[in-house]
Every structure is written in structure tokens, then in C-alpha cells.
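Reader: Please take a close look at the open sheet in this model. I should like to follow its strands from one edge to the other, together with the turns, side chains and pocket that belong to the description.

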Amino acid sequence: MGTSSAQTGQNKIVEGEGWRGFRIGATREELIKELGQPDSNSNERWLQWKKQRSIHCLMDDERGAFELRFDQCFKGETLAGIEIGSPLRKALTVYGEPTSQESRGSAKKLIWASKGILIWFGEDKVTQIVVVPKKN
């Protein structure tokens, strides 16, 4: 049995915006309404739903959610078709030259600021997708 386009669209991460109600600027209350109570190890600055959905975010009272992270077990992809496990060369092909990049041991962090996406790579494969506010 195939997956309908409506089902597929449910797990699309929109660069610079988020995924469903897990979006840039969302308040703590909006996130809880959308996702349920966060994991018990969450705090004022860090909300986690890792057990259920493999997602977490940084928050502050002024900006709301400002860094949305999608980890290894998240089943979805960006609008550009990048998902956990995608090769580095595919990300470079679809997003172009990154605004900045940094290496930390064997891990690489590439940021495409104008697109609102930061991606962590390990062994040249996507290990984490992070949605951030777009910068022009």
C-alpha cells in the first residue's frame, strides 16, 4: 500500500519555518498544544520530545522557539529532499555553497543562513537537521 501525498506532506520540514506546529517563533504553550508535554528532562530554555518524535528546540521568552532540531530517528525530509542519512554532496547540490561551515572532530556543521537551515554531518552523511530563522 503506497503513501498518499497528504501523509508524505506531514513530515516535510520547511527551511526557515519548521514542521507543522513545531515552528520558529512558537511559544511554549503552542508547542505543548501541538506536541503534548515535553520530556521530563526539559527546562526553561530547552524543550525535548525525543522519546516520541526525536525533536527538540531552544526557546526564549522574546523569540519563542528559535532553533528546531530533528534527530536521527525523525522520519521526514526538508522541502529540498534532505533527510537523516542524506549525503553531504546532495545537500551541497540542493542548497549550494553554505554561508559558513565548521568542523568539530569528525563532525561538520554547515549553515545556509538565507535558507534558514543548519545541518550536522558525520562521515559526510546528515546526522541532524536544524531549522533556524532565515537571515538575508
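Author: The account below begins with the sheet as a whole and then moves through its parts. The model is predicted, so local features are reported only at pLDDT of at least 70 and side-chain atom pairs only at pLDDT 80 or more, whereas totals for chains, interfaces and linings use all residues. Residues are numbered from 1 along each chain as its sequence is written, and side-chain values use heavy atoms, with hydrogens and water left out.

The sheet is open and has 7 strands in the order β4-β5-β6-β11-β10-β9-β8, with antiparallel pairing. Strands (E, at least two residues) and helices (H or I, at least four) are DSSP runs numbered from the N terminus, and two strands pair if DSSP finds at least two bridges between them. The edges are formed by β4 (46-49) and β8 (100-104); each has a single partner strand, so one side of each is left without a neighbour in the sheet. On average, neighbouring strands are turned by 20° against each other, direction ignored. Such angles run from 0 to 180 degrees between N-to-C directions, with axes fitted to C-alpha atoms, for helices over the stretch in contact.

At the β4 edge, Trp46 and Gln48 point one way from the strand while Leu47 and Trp49 point the other way, and all are buried. Buried means under 20% relative accessible area, exposed over 50%, and partly exposed in between (1.4 Å probe, protein chains only). Strand β4 is joined to β5 by 4 bridges in the antiparallel sense, and Trp49 has Ile55 as its bridge partner in β5. These two strands form a hairpin with 5 residues between them. In this turn Ser54, a residue other than glycine, has a positive phi near 65°. Ser54 is buried, with a relative accessible area of 8%.

Further along the sheet, β6 (residues 64-70) and β11 (residues 125-131) pair in the antiparallel sense over 3 bridges. Across this pairing, Phe70 stands opposite Ile129 and Arg69 opposite Val130. Of the 7 residues of β11, 5 are buried, so this strand is largely enclosed by the rest of the structure.

Glu67 also belongs to β6. Although charged, Glu67 is buried, with a relative accessible area of 15%. Leaving aside neighbours within four places in sequence, Glu67 is in contact (heavy atoms within 4.5 Å) with Ile24, His56, Cys57, Leu58, Val130, Val131 and Val132.

Glu67 helps to line the largest pocket, together with Ile111, Ala113, Leu118, Val132, Pro133 and Lys135. A pocket is an open set of points on a 1 Å grid over the protein atoms alone, where a 1.4 Å probe fits and protein lies on both sides within 12 Å along at least five of seven lines; lining residues have an atom within 4 Å of a point. The space in this pocket is about 160 Å³, a volume being the space filled by probe spheres set on grid points joined across faces, edges and corners. Its lining divides into 5 nonpolar, no polar and 2 charged residues. Here Ala, Val, Leu, Ile, Met, Phe, Trp, Tyr, Cys and Pro count as nonpolar, Asp, Glu, Lys and Arg as charged, and the others, Gly among them, as polar.

On the other side of β11 in the strand order stands β10. The two run antiparallel and are joined by 6 bridges, and Phe121 has Val126 as its partner in β11. Their hairpin has 2 residues between the strands, and Glu123 there takes a positive phi near 55°.

Helix α3 (residues 88-95) lies across β9 (107-112) and β10 (117-122), running at about 10° to β9. Between β8 and β9, the loop holds Ser106, which is exposed, with a relative accessible area of 64%. Not counting residues up to four places away in sequence, Ser106 touches Phe121, Gly122 and Glu123. Ser106 thus meets Glu123, the residue with positive phi in the hairpin of β10 and β11. From Thr78, Ser106 is 28 residues apart in sequence and 24 Å apart in space, C-alpha to C-alpha.
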